[in-house]
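Student: I should like to take a close look at a single residue and its surroundings. Could you guide me through that part, and then show how the rest of the structure relates to it?

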Amino acid sequence: MDVAHPKLDALGHAVDYRLRLSLGRDMGGAVTAGVDALHPRWQLPGSPAPKVRTALHTAGLELLDLIRRHLDSGGTYLDEGTLSRLCFVAAYYEDIFRIGRVHRFNFLTRADEHITLRRLADAVDGYVPDDLAVQMHPAHEPFAPLRALPEAQRVCGPVFAGSADIGGADADFILGGLLIDCKATTRPRQLGTAEIYQLAGYLLLDYDDEFGINQVGLYLSRQGHLITWTVPDFLRRLGATTPLPALRHKLRDFLKAEAAAAAPAAPACLETPRQFLAAEPAPGPGSPPGEGTSLRPGMGCSGRGRGRFPGSRCGVGSSER
């Protein structure tokens, strides 16, 4: 991608949406909530003038309607270029929901009172559909068996029983029991501890085993690699010796106690699973996917080849997802 300052974080959101759509699912509730936040009835810091805000809200509703039509058509209603541009625009509606305001660098701040969805899509830089096409091409092979799963086993944007205990957390995918977090990073060798503990946090927040998670993994969308671990192997490599149900029970009690002691301070966040698992006994033989570990196919994984935790995913003004 020969672009001086690409919007990498927005591209990361957009490829997430493209993968969801390829699985027959919509973009998720965060986009819908971001569109709704622009309705004039809500207080919204940083929001534009009332007429501009109304126009953006109308454009967002049209975006959601087009995506519904696309899904209803079996994925034939919109061409790839248009779909990619709409996914990029949708990333900035989600950003409003995630940060609770309209950031001054939000793409939508370019709008005036005459803005329409077509004008927003036309304003998307040409590198965006090209980059998303490059990312979607290698996804065909690793996601083919996942697209073939029964509808009930294709869960996108899952929210866990414990999500509210850390101020809100939603993962990317749970597909046939496989929890996946998608990473659109251009620097995969820099992935490590934070991403692993993010997966661990999601796994433990499913207090009642609602989603039946039996594997966890990272999908590197720019490299086309799906790296997976079975849950027992993943926990063993983190040094956890307590069975998963007991770990979940302990985390729930820990977070409830933390909330009671810290109220009205900020909720627990991404660091909590790291601190919680750090209290487990030292790991046995084997290299844990934690400190000092680089992620790559073959690292004790399948070799096939992404609310969030507060602080784990920046707004789309950031450079990297």
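Tutor: Let us begin with Asp209, which counts as partly exposed because its relative accessibility is 39%, a value in between the limits of 20% for buried and 50% for exposed. The model is a predicted one. Asp209 is found in the loop between α8 and β4. Its backbone deserves attention as well: Asp209 has a positive phi of about 55°, although it is not a glycine.

What does Arg248 touch, when residues up to four places away in sequence are not counted? Asp209 is one of its contacts, and the others are Leu203, Leu204, Asp206 and Tyr207. Arg248 itself is placed in helix α10, which covers residues 244-262. Is Arg248 buried or exposed? Its relative accessible area is 3%, so Arg248 is buried, whereas Asp209 is partly exposed.

The loop that holds Asp209 also holds Phe211, which takes part in a ring pair with Phe160. To follow that pair, we should turn to the aromatic residues. The count comes to 8 aromatic pairs in this model. In one of them, Phe160 and Tyr202 are stacked, with 5.7 Å from centre to centre and 25° between the planes. Phe160 lies in the loop between β1 (154-156) and β2 (173-175), while Tyr202 lies in helix α8 (residues 193-205), so this pair ties together parts that are 42 residues apart in sequence. Both partners are shielded: Phe160 is buried because its relative accessible area is 5%, and Tyr202 is buried because its value is 1%.

How are the rings of Phe160 and Phe211 arranged? Their centres are 5.6 Å apart and their planes stand at 85°, so the pair is edge-to-face. This pair links distant parts of the chain, since Phe160 is in the loop between β1 and β2 and Phe211 is in the loop between α8 and β4, 51 residues apart. Phe160 and Phe211 are both buried. Phe160 therefore takes part in a stacked pair with Tyr202 and in an edge-to-face pair with Phe211. Elsewhere, ring pairs join Phe88, Tyr92 and Phe107 into a cluster.

Strand β4, which follows the loop of Asp209, leads us to another part. The buried residues of helix α6 pack against β4 (215-220), and also against α1 (8-22), α4 (80-99) and α7 (140-147). Why is α6 described as largely enclosed by the rest of the structure? The reason is that 7 of its 10 residues, in the range 127-136, are buried. These are Tyr127, Val128, Pro129, Asp131, Leu132, Gln135 and Met136.

Leu132, one of the buried residues of α6, has a C-alpha atom separated by 9.9 Å from that of Leu83, although the two residues are 49 residues apart along the chain. Leu83 is found in helix α4, and its relative accessible area of 1% means that it is buried. Leaving aside neighbours within four places in sequence, Leu83 is in contact with Arg18, Leu21, Ile67, His70 and Leu78.

A similar view of chain positions can be taken from Thr58, in helix α3 (residues 50-72). The C-alpha atoms of Thr58 and Thr116 are separated by 7.8 Å, while the residues are 58 residues apart along the chain. With a relative accessible area of 47%, Thr58 is partly exposed.

What lines the largest cavity? Its lining consists of Leu38, Pro48, Leu56, Ile96, Val102, Leu108 and Thr109. By class, the lining has 6 nonpolar residues, 1 polar residue and no charged residues. The volume of this cavity is about 30 Å³.

Finally, let us consider the cysteines. A disulfide is a covalent bond between the sulfur atoms of two cysteines. How many disulfides are counted here? The count comes to 0, where the rule requires a pair of cysteine sulfur atoms within 2.5 Å. Cys87 is buried because its relative accessibility is 0%, and Cys156 is also buried, with a relative accessible area of 17%.

Note on methods
Residues are numbered from 1 along each chain as its sequence is written. This is a predicted model: local features need pLDDT of at least 70, side-chain atom pairs count only at pLDDT 80 or more; totals for chains, interfaces and linings use all residues. Side-chain values use heavy atoms; hydrogens and water are left out. Buried means under 20% relative accessible area, exposed over 50%, partly exposed in between (1.4 Å probe, protein chains only). On a 1 Å grid over the protein atoms alone, a cavity is a set of points where a 1.4 Å probe fits but cannot get out, and a pocket is an open set with protein on both sides within 12 Å along at least five of seven lines; lining residues have an atom within 4 Å of a point. Grid points are joined across faces, edges and corners, and a volume is the space filled by probe spheres set on the points. Ala, Val, Leu, Ile, Met, Phe, Trp, Tyr, Cys and Pro count as nonpolar, Asp, Glu, Lys and Arg as charged, and the others, Gly among them, as polar. Helices (H or I, at least four residues) and strands (E, at least two) are DSSP runs, numbered from the N terminus. Contact means heavy atoms within 4.5 Å. Rings of Phe, Tyr and Trp (its six-membered ring) pair if their centres lie within 6.5 Å; planes under 30 degrees apart count as stacked, over 60 as edge-to-face and the rest as tilted.
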